[in-house]
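Visitor: Please show the chain, then explain the terms used for it.

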Amino acid sequence: MVLAFRNITFYAVTVIAPDENPNTDGIHIGRSNGVTITNSNIGNGDDCISLGDGSQKVTVENVNYGPGHGISDGSLGKLTTEENVADLIVKNCTLTKTENGVRIKTWPDGQGKITITDTHFEDITMVDVMNPIIIDQEYCPWNKCSKKNPSQIKISKVTFKNIKGTSGTIEGVTIICSSGVPCEGMEIQL
C-alpha cells in the first residue's frame, strides 16, 4: 500500500501473489501525489494496481500485468471522507489473462461526492482479458449493496486511446455512468 506519499517512483518492481488469493492488490495507492510505476511486472488475485481516494498525478508506464483484476481507479464513493482523484496516466502496458483490463469503479448509493478527472489509458495491449474496458458506476461486488440511488461520483475527462488485443468476452467495452451525475468528456479511440 502506498499511502500519503509524495513523489515516489517504483522502477523494475515485481509483485507476485497466487491468482486464487482474494484481496491481494498488487500496489494500492491512496492519498498520494506524484507516484510513478514503471518497467514492472504485477500478477496477483485482485487489482494489479488500484487507485484509492486522494490519488493525484499517478503515472503507470511499461508495466506487464497478469493474472489479476487489471488496473482500477476505485472503488470510490462509499465514504464521505474520500478525496478527489485526478491525473492518472496509464500507457504502454500489457495485460495478459486478467479478469479486467482498465476500469473505473464507483459505488451506487454511497455517501461520497468526489470527482474522478483527467484519467488517460493509452497504448495498452490486452491478451485474452475478460473485460478489457470498464466504467462501472454501479459497482456492487457479490450484490451486497443497494442500487436504490445512483453514484454521486462525477467522472470527467477520461480517454481510452490505442487499446488493442483480445477479449475473453463478447463485450470489449462496458460503460455504465451514473444517472445522477453523468460522465462528461469521454473519448474512446481504439
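Visitor: Which strands each supply at least two residues of the lining of the largest pocket?

Guide: Strands β4 (27-30), β6 (49-51), β8, β10 and β12 (131-136) each do. The model is predicted: local features need pLDDT of at least 70, side-chain atom pairs count only at pLDDT 80 or more, and totals for chains, interfaces and linings use all residues. Residues are numbered from 1 along each chain as its sequence is written, and side-chain values use heavy atoms, with hydrogens and water left out.

Visitor: What makes a stretch a strand, and how is it numbered?

Guide: A strand is a DSSP run of E with at least two residues, numbered from the N terminus.

Visitor: Why is a space called a pocket, and what is the volume of the largest pocket?

Guide: On a 1 Å grid over the protein atoms alone, a pocket is an open set of points where a 1.4 Å probe fits, with protein on both sides within 12 Å along at least five of seven lines. The volume of the largest one is about 890 Å³, where volume means the space filled by probe spheres set on the points, and points are joined across faces, edges and corners. Its lining has 38 residues, of which Asp-47, Ser-75, Lys-105, Tyr-139 and Pro-141 are the closest to its centre. A lining residue has an atom within 4 Å of a point.

Visitor: How is the lining of the largest pocket divided by class?

Guide: There are 13 nonpolar, 12 polar and 13 charged residues. Ala, Val, Leu, Ile, Met, Phe, Trp, Tyr, Cys and Pro count as nonpolar, Asp, Glu, Lys and Arg as charged, and the others, Gly among them, as polar. Therefore Pro-141 goes with the nonpolar class and Ser-75 with the polar class.

Visitor: What makes two strands a pair, and what is the order of the open sheet of seven strands?

Guide: Two strands pair if DSSP finds at least two bridges between them. The order is β1-β4-β6-β8-β10-β12-β14, with parallel pairing. Strands β1 (2-3) and β14 (173-176) are called edge strands, since each pairs on one side only. One pair in that order is β8 (residues 71-76) with β10 (residues 100-106): four bridges join them, and Ser-72 stands opposite Arg-103 in β10.

Visitor: How many bridges link β5 to β7, and how many link β7 to β9?

Guide: Strand β5 (residues 33-43) meets β7 (residues 56-65) over eight bridges, with Val-35 opposite Val-58. Seven bridges join β7 to β9 (residues 85-96), and there Val-60 has Val-90 as its partner. Both counts meet the requirement for a pair.

Visitor: How many bridges join β11 to β13, and how many join β13 to β15?

Guide: Strands β11 (residues 115-129) and β13 (residues 154-167) run parallel over 11 bridges, with His-120 partnered by Thr-159. Five bridges join β13 to β15 (residues 184-189), and one matches Ser-156 with Glu-184.

Visitor: What makes a set of residues a nonpolar core, and which residues have the most contacts inside the largest one?

Guide: Such a core is a set of buried Ala, Val, Leu, Ile, Met, Phe, Trp, Tyr and Cys residues joined through side-chain atoms within 4.5 Å. The largest has 39 residues, and Ile-37, Val-60 and Tyr-65 have the most contacts inside it. Leaving aside neighbours within four places in sequence, Tyr-65 is in contact (heavy atoms within 4.5 Å) with ten residues' worth of partners listed here: Ile-42, Cys-48, Ile-49, Val-60, Ile-71, Cys-93, Thr-94, Leu-95, Thr-96 and Thr-98.

Visitor: Why is Asn-33 called partly exposed?

Guide: Its relative accessible area is 24%. Buried means under 20%, exposed over 50% and partly exposed in between, with a 1.4 Å probe and protein chains only, so Asn-33 falls in the middle class. Asn-33 lies in strand β5.

Visitor: Which class do Asp-109 and Trp-142 fall into?

Guide: Asp-109, in the loop between β10 and β11, has 27% and is partly exposed. Trp-142, in the loop between β12 and β13, has 71% and is exposed.

Visitor: What is the phi of Asp-109 and of Trp-142?

Guide: Asp-109 has a positive phi of about 55 degrees, and Trp-142 has one near 60 degrees. Most residues other than glycine have a negative phi.
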